[in-house]
Amino acid sequence: MEKKSFMKKLTGSREALLAVILVLLFVVITIISPSFLTFKSLTDMLKNNAVTMVMSLGMLCVMLVGGIDISIMSTLALTGMSIGMLLKYEHISSTFLAFVIALAIGIACGFLVGLVISRADVPPIIATMGFMYIYRAMGYLVSHNGEWASAAALGEFKNFATTKFLGMSLVIWVIILCYVIFFVFMKWTTIGRRIYAVGSNPSAAEVSGINVKNIKLLVYTIMGLLAGLGGALQVSIYASAMPDMQQGGEMDVIAACVIGGVSMSGGRGTVLGALLGSLILATIAKALPLIPFFDQLWLNTIKGVIILVVVVVNIVLQRTADKNALKGREM
Amino acid sequence: GSADGKKIALVGKSAGNAFFEIAAKSFVETAEAEGATVDTVYPEAATADAQIKVLDNLISQDYDAICISANDVNALQAKLQEAMDEGIKISCFDSATNPDSRQIFINQAGTVAVGQALLDACLDISGGEGQFAILSATSQAANQNAWIDAMKKIMEEDDKYSKLELVEVAYGDDEPQKSTDQTAALLEKYPDLKVICAPTTVGIAAAAKYLQDNGSACKLTGLGLPSEMLEYTGADDEHSCPYFYLWDMQGLGKLSALTTIALINDEITGAADETFTAGDLGDYTITAADDGGTEVVLGAPLEFNPDNIEEMAKLY
Amino acid sequence: MSEYVLELKGITKIFPGVKALNNVQFQLKPGEVHALMGENGAGKSTFIKVITGVHKAEEGEMYLFGEKVDFKGPKDAQEAGIAAVYQHPTSYPHLTVAENIFMGHEIKKNHMIQWKAMNEEANKLLKQLNADFDSTAEMGTLSVAQQQMVEIAKALSTNAKIVILDEPTASLTKRESEELYRIVDQLKEKGVSIIFISHRFEDMYRLASRVTVFRDSQYIGTYDVDGITNADLIKAMVGREIKDLFPKPEVKIGDEMLRIEHLSRTGYFKDVSFNVHAGEIVGLTGLVGAGRTEVVESVCGITNPDEGKVYLEGKEVHIKQPSDAMKEGIILLPEDRQKEGLIMSWGLGRNVTLPTISKYAKNGFNNEKTERDLSKRLLEEVDTKAVDIFQPASSLSGGNQQKVVVAKALSQEMKVVIMDEPTKGVDVGAKAEIYAIMGDLAKKGYAIILISSEMPEILGMSDRIVVMCNGRKTGELGRGEATQEMILELAMEKGTTGKGAAK
Amino acid sequence: MAGKSGRSINNVPKSPVKQMIFSWEGILVLLFIAVNIFCANFSEFYNLKSLLRQMPVYLAEIFLMLPMAYILVLGEIDISVGSIVCLSATMACIMANTGAPFIVVILATLLVGSLCGAVNAFVLTRFEELPPMIVTLATQIIFRGIAEIVLGSGGSISVTNTEGFAALGGKVGRVPYILFLVLILGIIAAVILGKCTFGRRVYAIGTNRLAAYYSGIHVQKIRFVIYTLMGTISGLCALFLMSSSFGANTTTGNGFEMDAIAMAVFGGISSTGGKGNIAGGLISAFIIVCLRVGLGQRNIHPQVILLIIGVLLIGAVALPNIIKEIQKKAKTAK
Ligand SMILES: Nc1ncnc2c1ncn2[C@@H]1O[C@H](COP(=O)(O)OP(=O)(O)OP(=O)(O)O)[C@@H](O)[C@H]1O
Ligand SMILES: Nc1ncnc2c1ncn2[C@@H]1O[C@H](COP(=O)(O)OP(=O)(O)OP(=O)(O)O)[C@@H](O)[C@H]1O
Ligand SMILES: [Mg+2]
Ligand SMILES: [Mg+2]
């Protein structure tokens, strides 16, 4: 059995293509604005996109089983607002406790979503659209209709994001930790592989004795957990909790996954892909204001065009790679 | 009170806006003290479409007056005119509609006055010369655009500001994340930037946090909520914002309520040069607004500085 | 210890509206290969799924090694030492071969999957099976036959005491089937008991010592293979006699209808030319993955060839998409009836009229009455075993689904009919009927291309046989001259290694 | 050689009336009645006058539900419609302000909408591997972005020449034209989807795209037409929106796609494709509108209204499933 050549591997893998695109983006941006490629600028970028980056891991799991979750930013708002209010009214003051509470609320929210989807057979888009409204409304109710928890009210908690360990903000360590955990979880644990199996062929999974319902329940709970974590991070990073935070942000998370090659019909996608996808989006967000030749009015349009170009270029590259692979086949 | 049995609808830009809630609370208290009932109504989203639905609903419910903070200058015109035709009094506060769709605008602070205050702050903080940038909400935000235009106009007309250079107007879309990116980009693009002026509450908080966390030499001023800015306000280098402005939100709610009641009671019609007494706020004269309509101006913007911020943060 | 490894008594399984199994029984002796036969829809697969705990029987008892068992789910059966290869592949196309094999019983250390060990173990299993692909290949890129092999490896990997194979040879050619026989023999030697379902008599004769027949959800009988004749078995299975298994009518061969010249598609096939005349049945055969499907799909516009020309009745035709082919009268019965041929959740009637719906429509409005009448007529013409035209296609057995595909083709105006594996997984009775339909079509003057991996079928039905190997045409044989050996030789001309490995 | 075994296959359909009562649409009709009784009781203001006044903006959104239903039946999604509405509304205002005859304004608006739809359609059919969600997400940003550029820093434009739009917003008696138009278009959309060849093909694609392709259906052509039509109808929606707001801004049409999807999905049109019909979508649209209007009239907080709709959305789909499950369990227990 001959080994695949390195070049073939490179052009054959979706992640490699994405990495190439990311590097290209980096090069172009650095040429335009040299300060982009500094440690500070890059850590800034990671920190400012922590929420999307962390949550795309959950979305990866959800999309792997062929689902989707558009309620996540409502969950984020609910958890963020809850701990915000708890801190503001001094019911709690410990950062650790705040994180625990945020995760717990997130898990509860995700679990409920998972229950409705796995046990009552409600299509994910409907269920999560419903919960998007419900959790967002609950966020407003928790905020006593529009109160904010601002920096001064957040006490110690906001220091979490500014505390540094080995020169990097704790937030970045959280991202790294999440990615490492998920990388191991998705690749080396049976449950991780079950998630792939369920997404790849649910009826086969059923027949081979995998509890499909529980796996679905699990992925939405994981998503909830990460949304809870996202809520805590959001509040900590921006030192402010508002009931309408991250409205519409779920699309960024989904886009990160899709750009990262996660299939919307399930079964296909990797942690590395999610990472590259969210990094590409983060880079675009970070770089756009740096580009001097555009009027600020154009930024949104350019962002949209770049996303479109990235996904289309990816498909074109993929097609070329497939064609080359076919050409190499002897007959 | 003077408004016994009257019904007033107070329409916000969207639900969950702390800024609006403070004014609304004092609006309701004031109006109820006068004997009126107030319904606070929120559109589903911060869009003109959603406000149109709300207005459609309100018009058929026999309100005596609607006081609205508009999401769009022009889009509500048809509905508001319809309301006025039905005899409902229309006042605007916080964010105005065009002159044809209102009887009066209760202006939190004169546009020029705000522009002047912000520009003076920039001049003062920068030490009289150097680069400064503006971090606004969205490129379409009417209030912010008016203030920015006022600032630009003043700069052109007065030599005092000739050494100040406005390098860029950036937009953070009132999202913390985008505002942070924009702030970072401004610093990277203009290393010599001395001041950022953020005339929007979300933007100023996000920028303040970024500057303070990074110990940047660039300072900040603008319009913000004292409770949000408490952490960042101080005269020393530890803090990113020496001082900033806002108006008296409670006063705005109160004045809006009293002006609206004056409209209902036909004490005023909304024409320029009419005068009325707004309880303990004193006497007010209706003046011509920049957009060709009329307004009452609450007063000069309030300055929040290290001396008064602790106090004010308790209020809002 | 009981005489039987596995014994089932009085099993009844009811699906909404269908009694799939009615009081059936079954005994499996240690170390035997036991064939299970019966018409399509007789309930064989359902029976298997009852054994493996996928379905729960309404009534009946099951004894494993003499002990009564009651499986709550597939996991219980797996743990009890029963492994099954199901009729419809239960693989995970996005995962690697190794993972497919070890799904559910991964090799772990400290709760971590040991990829290296697993890949090696999987490779060992694959080597046992003489497979030509690596365990790290992605399942979805394998051919049907290769996937089938993985399924078998999966069953082997559990060290099961009972292995069930549900129509494992349906999509295999002769050579690959031989491979499978060898594996089954190996298993038997190890003392594993095997239940084997197939519609091919040669499989049964070659492997099984006993055969159990089901018909119409009922148990008919269990026979010793040595003591039973073909005719008896067919009678037991279909309840009537079938005189001629390959009813090939004598048809006068007419003008050339379709000619393919130097057709190539990069990576799939190269320089393929052949023709077919009116009234002629041309058999297209070769090993699995030889590219037969790809050639006819290119002719029918499903894909587009890179080079080459297609002539219909002497005129060159340019076919860009399936509808062009249909307009020209070139009709394809696709290989995968569940994915390409039918809309499984739709009623039979709608499936039949799908390609031709606009023909009966008035001003774009569907003419439902005509549609219903037409689909009833066509479905009866091919003798579909169905209650009404509204029942979903998924509720039919494989053979009957194939008949619906034929009915669907019949609704169109045809000149050339291309049937890709039309009898895959179809029972003898239905097969004979499909051959009869094929003969009828030839008699009516249509040109027919029959793709098949089944040697008797190719030899029995075709006027001319085109053999392909590895994407090239390797030979063409007349009806008189062709023998199994000659075809096999052509089909393996260049050897067939390296396809999976290239991935 | 008909029927060797002489088996006969039934081809007489079951009574449609019976099917209808037990169908999702039947349940929706009951729900519609219930919601109306509930709202009428709940709100003393729930009267025709107010309902009719609020109709136009809501009805304009129902327009969007119609093509969205087709897209959902295809098993796809289009989340750029809100932005298409925004861009075509902007175009409508600009054209109207040039003083062009109103018919030109209408045509130009529809054209802009169709063009936007065609852009989606082009990318989606040319690169069919791309998931519609991500493509329309990108164009969602792009179309609104273009509107932002066109509108400039003001971010808002108003119609100076309101005559035409006022006429669009006209009424027969008290009933606005748009209600008739929604019903007519609804019926047309329902008939095409339910009774026409085109509709059958859409279902075929949504249920099994591959089989549809093998059956000679022009899958990409049909997708192209539907996405383009989605744009055209968004243009129509924009026109009617103008008849109440007489102006466009950068937030026009924001979130309309979600409303349209919610209406369709609540009406039993599955997001996984191949299921549902326009009737269900229309009834559910009216249920949602009545709820919003009814609760809105009581000045219920909009977030609470959304909460109620969210619960209803989930409950409506979950309950029948749960009941079925319980029934099945009860049966096997017997
Ligand atoms: N999940 C199901 N739901 C409803 N009916 C089913 C289901 N599975 C099978 N059936 C029905 O049960 C009967 C037996 O089907 P089964 O698949 O066991 O037949 P089979 O003997 O395996 O046929 P084949 O040889 O075609 O594979 C058929 O009538 C089939 O339509
Ligand atoms: N899903 C797939 N992905 C990649 N390659 C494939 C796929 N399916 C088939 N192939 C390859 O395409 C070539 C032709 O396959 P094709 O299915 O046309 O062969 P065939 O002779 O019709 O065999 P079969 O008996 O399986 O129908 C083979 O080399 C095969 O490995
Ligand atoms: Mg079977
Ligand atoms: Mg084939």
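Two residues are in contact here when heavy atoms lie within 4.5 Å. The model is predicted. This report follows chain D to two partners, chain C and chain A, and then turns to a metal site on chain C.

**Chain D and chain C**

By that rule, the contact takes 31 residues from chain D and 48 residues from chain C. Together the two chains bury about 3500 Å². Carbon and sulfur atoms account for 56% of that area.

Two salt bridges are counted between chain D and chain C. One of the residue pairs forming a salt bridge is Arg200(D) with Glu368(C), whose closest N and O atoms are 3.9 Å apart. The interface also holds 17 residue pairs in polar contact, both residues at pLDDT 80 or more.

Which elements of chain D give two or more residues to the side that touches chain C? They are helix H8 (177-195), helix H9 (197-207) and helix H10 (209-214) of chain D. H9(D) provides the largest share, six residues. By class, this side of chain D has 14 nonpolar, 12 polar and five charged residues.

**Chain D and chain A**

This contact takes 42 residues from chain D and 41 residues from chain A. About 3700 Å² is buried between the two chains, 81% of it on carbon and sulfur atoms.

One salt bridge is found across this interface. Arg319(A) and Glu129(D) form a salt bridge through their side chains, at 2.7 Å from N to O. Six residue pairs are in polar contact, both residues at pLDDT 80 or more.

Four helices of chain D each supply at least two residues to the side touching chain A: H5 (102-126), H6 (132-151), H12 (256-266) and H14 (302-333). H14(D) gives the most, with 13 residues. The class count for this side of chain D is 28 nonpolar, eight polar and six charged residues.

The buried areas can be set out together.

| Chains | Buried area | On carbon and sulfur atoms |
|---|---|---|
| Chain D and chain C | about 3500 Å² | 56% |
| Chain D and chain A | about 3700 Å² | 81% |

**The magnesium ion**

What are the protein donors of the magnesium ion (ligand 4)? They are Thr293(C), through OG1, and Glu335(C), listed with OE twice. These donors lie 1.7 to 2.8 Å from the ion. Thr293(C) sits in helix H9 (residues 292-299) of chain C, and Glu335(C) in the loop between strand E18 (330-333) and helix H11 (337-341) of chain C, so the pair ties together parts 42 residues apart in sequence.

Is each residue buried or exposed? Thr293(C) has 16% relative accessibility and counts as buried. Glu335(C) is partly exposed, with a relative accessible area of 22%.

Definitions and conventions
Residues numbered from 1 in each chain as written. Chains lettered and ligands numbered in written order. Predicted model: local features only at pLDDT ≥ 70, side-chain atom pairs only at ≥ 80, totals over all residues. Heavy atoms only, no water. Buried area = accessible area lost by both parts, 1.4 Å probe. Salt bridge = Lys/Arg side-chain N within 4 Å of Asp/Glu carboxyl O. Polar contact = N/O pair within 3.5 Å; in protein donor to acceptor, adjacent residues only side chain to side chain. Nonpolar A, V, L, I, M, F, W, Y, C, P; charged D, E, K, R; others polar. Donors = N, O, S within 2.8 Å, 3.2 Å for Na, K, Ca; no water. Buried < 20%, exposed > 50% of the residue type's maximum accessible area, 1.4 Å probe, protein only.
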